[in-house]
Amino acid sequence: MKLLKPSWVSHNGKPIFSVDIHPDGTKFATGGQGEDSGKVMIWNMAPVLREEDEKNENIPKMLCQMDNHLACVNCVRWSNNGLYLASGGDDKLVMVWKRAAFIGPSTVFGSSSKLANVEQWRCVTILRNHTGDVMDVAWSPHDVWLASCSVDNTIVIWNARKFPEMVTCLRGHTGLVKGLTWDPVGKYIASQADDHSLKVWRTMDWQLETNITKPFSECGGTTHVLRLSWSPDGQYLVSAHAMNNSGPTAQIVERDGWKTNMDFVGHRKAVTVVKFNPKIFKKKQKNGGSPKPSCPYCCCAVGSKDRSLSVWLTSLKRPLVVIHDLFDKSIMDISWTLTGLGILVCSMDGTVAYLDFSLDELGDPLNEEEKNTIHQNIYGKSLAITSTEAQLSTTIIENPEMLKYQQERQNAAQAGSGPGGAGLESTAPKLNSVMNGESLEDIRKNLLKKQVETRTADGRRRITPLCIAQLDTGDFSPALFNSVPILPGSSMPSQLTPQLSSDSSQGQASSLGLRPSHDTLLTSPPPSSSTKGLEDNKDGQSPTHVKQSLLLTSASKIEPMKALDSRFTERSKATPGVTAVISSTAGLTPLDSRAKDGSSILKDVKNKEETSSDSEDKMAAINKNLSFTKRKADLLMDGGEVVEKRKKGRPRKDKMATPISQPFTQVETEGPSRAAATPAPVAALKLPTPSIQKAFSLQVSMEPSVFLEVENDVSVVAGSKLSQLRCSRDGREWDTLLPSSVVTAAGSSDVIAVACEDRMLSVFSSCGRRLLPAIQLATPMSALHCSSHFVMALTAGARLSVWDVQKQTALVKNESLLTIMSGADTTVSQSLLTQQGVPVIGLSSGKSYCFNSSLETWTLIADKGDSLVQCADFRSCLPSHDAPVSSGPLAVMQGRNLNAGRLASRLSSTPHHLQQSMTLAFLENQLAAALTLLSAQEYRYWLLIYARFLVNEGSEYRLRELCKELLGPVHKSAATAWEPTTLGLRKRELLRELLPVIGQNLRFQRLFTEYQEQLELLRNK
Amino acid sequence: MCLSRFSASVTMAKVQVLNVAVLDNPSPFGNPFQFEITFECMEDLPEDLEWKIIYVGSAESEEYDQTLDSVLVGPVPAGRHMFVFQADAPNTGLIPESDAVGVTVVLITCTYRGQEFIRIGYYVNNEYTDPELRENPPIKPDYTQLQRNILASNPRVTRFHINWEGCAERMEDSENVDPASNSMLPPSCLPGKAPPLGLLPDNSMDCL
C-alpha cells in the first residue's frame, strides 16, 4: 500500500467535508467551506496518481472551482454516468452541475488567483425543497433518482431525469438525517440520522421497509456526518456511528432479515463514514496454489472521528490495515476509484489523503460480468432495474441506419458534455462563435453602436443587453475570454497571487472581496512618510490618517492606495450633493461595514510597516512618489451616522411590482349569451371604414414591385367625378379611371382591387385589364386584401367575402363575423389573406380566426391569451439553427415573437406530466392551425417540432399514428381515400424527414426500421 | 455541518459578472469611459439591473465622488449577455485641483431591486503625456493634456449577498412601472418587509 497526501488539494486550509472520485477516474471533486461561501472544487486525478504528472507544470491540478453555494458544502457526488455532479450544502440547496461545452479556460472574474478554471462546470439545476442544511446526496443506480437528506429530518427523492421534479419526500426520521446510501440493486435506500435510527425505505412505494434502532440507542448526536454504505453485492449495509458495549462500531446490517449481528469494532471514536469498494474481490490465485474456489468478498473502508482509517475485507476477521494519525481532525468522507484499488479520504482539517492498494493486498476484482452473475444468482431475474432507459442502454442496435443516428446523437452529447478526460486537449476552445453568421469578435466591435438603448418614462437610459448565449440550450458561445485582449484576472502579475491566502486571514472585512494586496514589490513607503503616518496616529486621530507613498514608474504600475481601497469594498451609499444621478442603493449597507473597513485599514497599515523594511532595497526604483491623505475617517466611528445618511438616499425611481393587467384576460366576459339574447346583433356590429383621401399611394408587392397611386376627383365629366388609379409594375405603368372616389385599394402581383365610395368593388389584372364587372357590396368596405389571385373584402357590416379571381368563384360568401365577434368590446385588429386564399381575422381579444371554406366554419387559429401557449415547453425540440417561420400567416397572427414557453421556466413547479400534456396540446393546435391556413411551410416546421417532442417524450402511439398517416397504404387500392400530399407537401417526403428524428431515440428503433423499410420498398417500386 | 442559520431566505446570486473589458484605454482625460460588460444570468429577471459608474474625484472625501452615469439594463432573460456601458468623462469642475493628476479609482456597481450585489473597482492613473508637463505640472491642471489610464488588468471585485427575490425598498413611484416587462412578475412583494431582508451574513462561518 502506498500513501500520499497531496498538499495542493486544499480549500485554503478550510475544512473539506466531502470527496468523490469521478467514475472515469480522471478527476475528483471536493466540497467544503470557501472564503465566504461554500466551495466545490474539481481536481485532476493524474497528479495524484503519478509523481511525474504532479511535477509537470503543464498538467493542471485544479480543474474548476465553483463558489455558487452560499454556505458550506457538505457533500459532492458524481452521477454514475459521470455527466453530472451533485452538491448539497448548508444553504439548503442541492445543485447539479454539468460540464459546459466549448468554453475554454477562464478565471473567476476579479479573482486574483492565477489558477484558471480548466474545465467549466455549470450549475444546471438548483433543487430547492429542504428547509435545513443538506448533509448528504446520493445518485441511485443508473441515475434514475437523486436523493438528498437534510437536518430538516427529511429525505427528498428527485427525479434525475426531470430536474427539478421531486418524486417524493421521505418523512419519518425525528432527527437530523446525515447519511444516505442506495441499495446497488435499486430496491432500497437507507438513511441514518441523529435520532438513533437507521431506516431502510423501499423504492417501489417509498415506504419504510425497516427501522433499526438497537445498535444506535447509546449514540450521541455529535457526529458531523453519518455516511453509511451498501456493499456492492447488496448483501450488507454498514452503518456509520453505532455503539456496542459502549464502544464505537460500524454496524453491519444483513439484507436477509435486517439482522444486526456483526460490526466493525476498533475505532476509538464515532465512525463518521463507511464506504464499500465498488468491486467484489476473490482471492488471488497463487502460482501453483490449488485452485480452490474461494468465496467472493467485499472490501470496506471506515473513517472515524478518531482521525484514523481502517480498511476491511469481509473475508477477514481483522482489518486489512489501520492508519492512525492520518489527519489532525475527523475524517469526513471516503471515495474509492472505480478500479477498486485507490481511495481518497478527506478530513475536517482541510487535507486529503490518497491510498493506493495492490491486487496482492486486496485480491482479484471480479469483472462486471462476474459481478452480474452474482447479482443474478442472488436476486434472480427480479433484480429488474426500475428504469426503462437502463434496459435500453443494453439494447442492441439492429439497424445500421439507426446506428448512424445514435452515433450522431452521442457525438452531439459528447460535444455537449465534453469528454470525461481531464486533459487539456479536450478543452481546446472553438473560437469564433457564430451568432447569425457573425462572429463574437464582430459583434464586440460594433456592440456600442448596435446595442439598443432607450429612455424610460422618467428619462433614464435603458440598455437592452445583447444575448450571446442561451442558458438552457447549454450552447454557450465558445471561448469568450480567450478572444478578449485584456483579461482581467488572468493577466494579473503573478507576484500578486501569494497575497490572497495571507489576506484571507483578515476574515470578515475581506470576506467579500479581494483585499488589496500589500505589496511586497511595488509599494514601498519611504521611511519619512511612514513615520509621518505614525505621528498622525499619535495625534490621537483616526489611525487611518496615514500618508502613503506610491510607486508610479509608469502608468501600468499603479499600486493600490489604501486611501482608495475602502472604496472597493464599501457598498454604495447615498452620495449627497455632487452626484447628478439618483443614488438608489442606499438601503442595505451593513451597519458595521464602515467599522470593518476601518479595522482592515488598520491592519493594512500594520502590514505595510512590516513589509517596508524588506522592500527598502527596491526603493531605488522609485522615481515618483505620490502621497495621498486618507479621507477623514470620522464616519468610521459611528454607525448611527451611516444610518442617517442612508435614509437620505432617494428611493429608486423605476419600476416595481404592480398589479398586472393582461389585456387578453378580459375577453368575452359575457359574450355568447349576450349575442344570443340580442335580437338584432348585426346592427351592433359595425366595422370602421377608411375615410376618403384626396390621393394616396401604396406598394402592393415587392417582387415584382407594384405601386398603386390613387387620385380622387381628377376631373368632373358630366357632373360625375372621376378618379384615377395608376399602377406601376416594374417600371411599366398603366392607369384607369373610375366613376367614384376610391376608398381603399389593394393588390398582389396578380390582381389589383379597388373599392369605391359607391360600394363598388373593381378588380383588375396586373396589366390593368378589368377582370370582373364591378361587384356591388351591401355596406361600405372596411378592409380589402389581395393575395395571389384572391380578393378578400371585409365590409362595414362585418361580412366577409373571398373570391378566386382566376376561377371566378366565391370561396367565402358574405359570411358574418358575428360568430367570432361576440363580446361588446371586441374589434377587428388585423385581417389578412394568405397566398392560398384563406381569410384570417385577428380580434382585439387576442384571438385569431380563419374561415375554413371547406368546413364552412370559423376556426380558431391563434389565441394570445391561451395558457397553453405560455406553458408549452418545446424549446428542446426546436431545430438547431433556429430559422424562424418568419413569414407564415400563423406566425403573423400569433405575433412574431411568439413567446410560447415563456412561462414554462417559471412554472417549474408544474408537474411534468401536466406540462407535457400542455405542450402536446399546443403543438397539435399549431399543426391543425397551419393545416387550416394551408400554410405548408409552417405545417412542416411544426410537424418536425411535434415529431421531435413525441420522440423525446416517448409517445409511441401518437408517433406511430403520425407515421402511418404519412406513409399511407403501401399497396394501391382504389378504395383508399389517402391523399399522397398535404398542402402540396409529399407526405412520404415528410416521413423521410422525420425518420432521422425518430432514430434518435433508441426506444423507437423498431418503429424506425419498420417505416424506413417501407419507404425503401415504395421508392423501389 | 455549520449550525449557523440564515434568518432571511437564502438564494443564490442570479447574476454573475463574467468579464469587464475596458475599452478605449488609455485615452485622453475627456474621452467617455467605456466598459464592455459580460454577465450571465441564471434565470429570467423580472426587473432591470441598474449599473452605475462612479468616479472618485478625490481620495480625500466622498463628497467628490461623481456618478458619471447610471443605466438600466433589461430585459434580462436567462443566458449570457453583454453590453457596453459608456459614460461621459467626469466634470472637471468638481474635481479638486490637487487631485487631478495621479491615482484615483473608478467604480462600476450593479444593483438589483435597489440592492448592490457587485462592485468592481479599477485604479485610474491620470498623467501628463508630455514629459515637460510631467516634470513641471501646472498648478491649474490642464485636462486637455491629461491621459487617463485605467489599470484594467487589476479589477477589484466585491460581491454582496442580496435578496434576489424581494425588494429592498418600499414600493414607491410605482407609476413608473413598465407593464410590459412586469407581466411576469410574481405577486407583488409586500411593502415594508423587515429592513435587513437583503442582508445576509457575508462572513465565513466557523464550522467547528
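**A helix pair, strand sheets and a buried serine**

In this predicted model, helix α20 (residues 956-967) and helix α22 (residues 1005-1020) of chain A have axes that come within 11 Å and cross at roughly 0 degrees. Two packed helices are described by just these two quantities, the angle between their axes and the distance between the axes. Angles under 35 degrees count as roughly parallel, and α20(A) and α22(A) are therefore roughly parallel to each other. On the α20(A) side, the contact is made by A:Leu959, A:Arg960, A:Cys963, A:Lys964 and A:Leu967. On the α22(A) side, A:Leu1007, A:Glu1010, A:Tyr1011, A:Gln1014, A:Leu1015 and A:Leu1018 take part. Sorted by character, the residues of this contact comprise 7 nonpolar, 1 polar and 3 charged.

It helps to place this pair in the whole chain. Chain A contains 22 helices and 55 strands. Of its 1021 residues, 54% count as buried. Among contacts in chain A with a separation of 6 or more, 55% come from residues 24 or more positions apart.

The strands can be followed through two sheets. One is an open sheet of 4 strands in chain A, ordered β1-β29-β28-β27, with antiparallel pairing. Its edges are β1 (2-4) and β27 (331-336), each with a single partner strand, so one side of each is left without a neighbour in the sheet. On average, and with direction ignored, neighbouring strands of this sheet are turned by 20 degrees against each other. The edge strand β27(A) is joined to strand β28 (residues 342-347) by 5 bridges, and the two run antiparallel. Here A:Asp333 stands opposite A:Cys346 in β28(A).

Another open sheet in chain A has 4 strands in the order β18-β19-β20-β21, again with antiparallel pairing. At its edges stand β18 (229-230) and β21 (262-265); each has a single partner strand, so one side of each lacks a neighbour in the sheet. Between β18(A) and strand β19 (residues 236-244) there are 2 bridges, in the antiparallel sense. A:Ser229 has A:Val238 as its bridge partner in β19(A).

A hairpin gives a further view of strand pairing. Strand β46 (residues 781-787) of chain A is mostly covered, with 6 of its 7 residues buried. It pairs in the antiparallel sense with strand β47 (residues 790-795) of chain A over 6 bridges. Within this pairing, A:Ala783 stands opposite A:Leu794 in β47(A). The hairpin has 2 residues between the strands, and A:Ser788 takes a positive phi near 55 degrees. As a reminder for reading such strands in the structure, side chains in a regular strand alternate between the two faces of the sheet.

Some stretches of the chain also carry an annotation. An unreviewed UniProt entry places the feature "repeat: WD" at residues 66-98, 127-168 and 170-201 of chain A. In the model, residues 66-98 are 0% helix and 58% strand, with end C-alpha atoms 12 Å apart. Residues 170-201 are 0% helix and 56% strand, and there the end C-alpha atoms lie 8 Å apart.

Where does A:Ser140 sit in chain A? A:Ser140 is found in the loop between β10 (134-139) and β11 (145-150). Buried means under 20% relative accessible area, and A:Ser140 is buried, with a value of 1%. Leaving aside residues up to four places away in sequence, A:Ser140 touches A:Asn80, A:Trp145 and A:Trp182.

Technical notes: Residues numbered from 1 in each chain as written. Chains lettered and ligands numbered in written order. Predicted model: local features only at pLDDT ≥ 70, side-chain atom pairs only at ≥ 80, totals over all residues. Heavy atoms only, no water. UniProt positions renumbered as here; feature names shortened; annotations may be inferred. Buried < 20%, exposed > 50% of the residue type's maximum accessible area, 1.4 Å probe, protein only. Pairing = 2+ DSSP bridges. Axes fitted to C-alpha atoms, helices over the stretch in contact; angles between N-to-C directions. Parallel < 35°, antiparallel > 145°, perpendicular 65-115°, else oblique. Contact = heavy atoms within 4.5 Å. Nonpolar A, V, L, I, M, F, W, Y, C, P; charged D, E, K, R; others polar.
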